[in-house]
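Hi,

Here's the structure I said I'd pass on. Have a look at it first, then read my notes underneath.

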Amino acid sequence: QVQLVESGGGLVQPGGSLRLSCAASGSFFSIDSMGWYRQAPGKQRELVAAITGGGSTNYADSVKGRFTISRDNAKNTVYLQMNSLKPEDTAVYYCKSTIFGSWGQGTQVTVSS
């Protein structure tokens, strides 16, 4: 199994930026595809961005050009840089391990003036 711990959420004004981090335990991180998901109140959890062990990325259309997913295999950490945030980005953000299917506890992102 792998344990995932997200951090970096908070309250930000529209147009602002946040950087989320997800620290993973275990020895398989470098080959594990990792995903960032989000779940807004009353909505289903959705994929925001994903990155393979080799660094290939894909994004939801709603965040393309604004969010960037990256990873540091030496630190067993995956990041989500979020720029030009909008109120509709408000949600709990989770990271997920593809190999183990594990989820982190989530971090709240609130975009509001």
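Below is what I found in it, going from the strands to the loops and then the surface. Keep in mind that this is a predicted model.

Let's start with β10, which covers residues 107-111. Its side chains take turns: Thr-107, Val-109 and Val-111 point to one face and are buried, while Gln-108 and Thr-110 point to the other face and are not buried.

Which strands sit alongside β10? One is β2 (residues 10-12), which runs parallel to β10 and is joined to it by 3 bridges. Here Leu-11 has Thr-110 as its bridge partner. Another is β9, which pairs with β10 in the antiparallel sense, over 3 bridges. In that pairing, Ala-91 is matched with Val-109.

Now follow the chain through the loop between β9 (91-97) and β10, and you'll come to Ser-102. Is Ser-102 buried or exposed? Its relative accessible area is 9%, so Ser-102 counts as buried, the cut-off being under 20%. Leaving aside residues up to four places away in sequence, Ser-102 touches Gln-1, Val-2 and Leu-4, plus Cys-95, Lys-96 and Ser-97.

Ile-31 makes a nice contrast. You'll find Ile-31 in the loop between β3 (18-24) and β4 (34-39). With a relative accessible area of 58%, Ile-31 is exposed, because exposed means over 50%. Together with Phe-28 and Ile-99, Ile-31 makes a nonpolar surface patch of about 310 Å².

Cheers

Methods
Residues numbered from 1 in each chain as written. Predicted model: local features only at pLDDT ≥ 70, side-chain atom pairs only at ≥ 80, totals over all residues. Heavy atoms only, no water. Helix = DSSP H or I, 4+ residues; strand = E, 2+ residues; numbered from the N terminus. Buried < 20%, exposed > 50% of the residue type's maximum accessible area, 1.4 Å probe, protein only. Contact = heavy atoms within 4.5 Å. Patch = residues over 30% accessible without salt bridge, like charges linked within 9 Å, V, L, I, M, F, W, Y side chains within 5 Å. Areas by Shrake-Rupley, 256 points an atom, 1.4 Å probe, with all protein chains shown as cover. Salt bridge = Lys/Arg side-chain N within 4 Å of Asp/Glu carboxyl O. Pairing = 2+ DSSP bridges.
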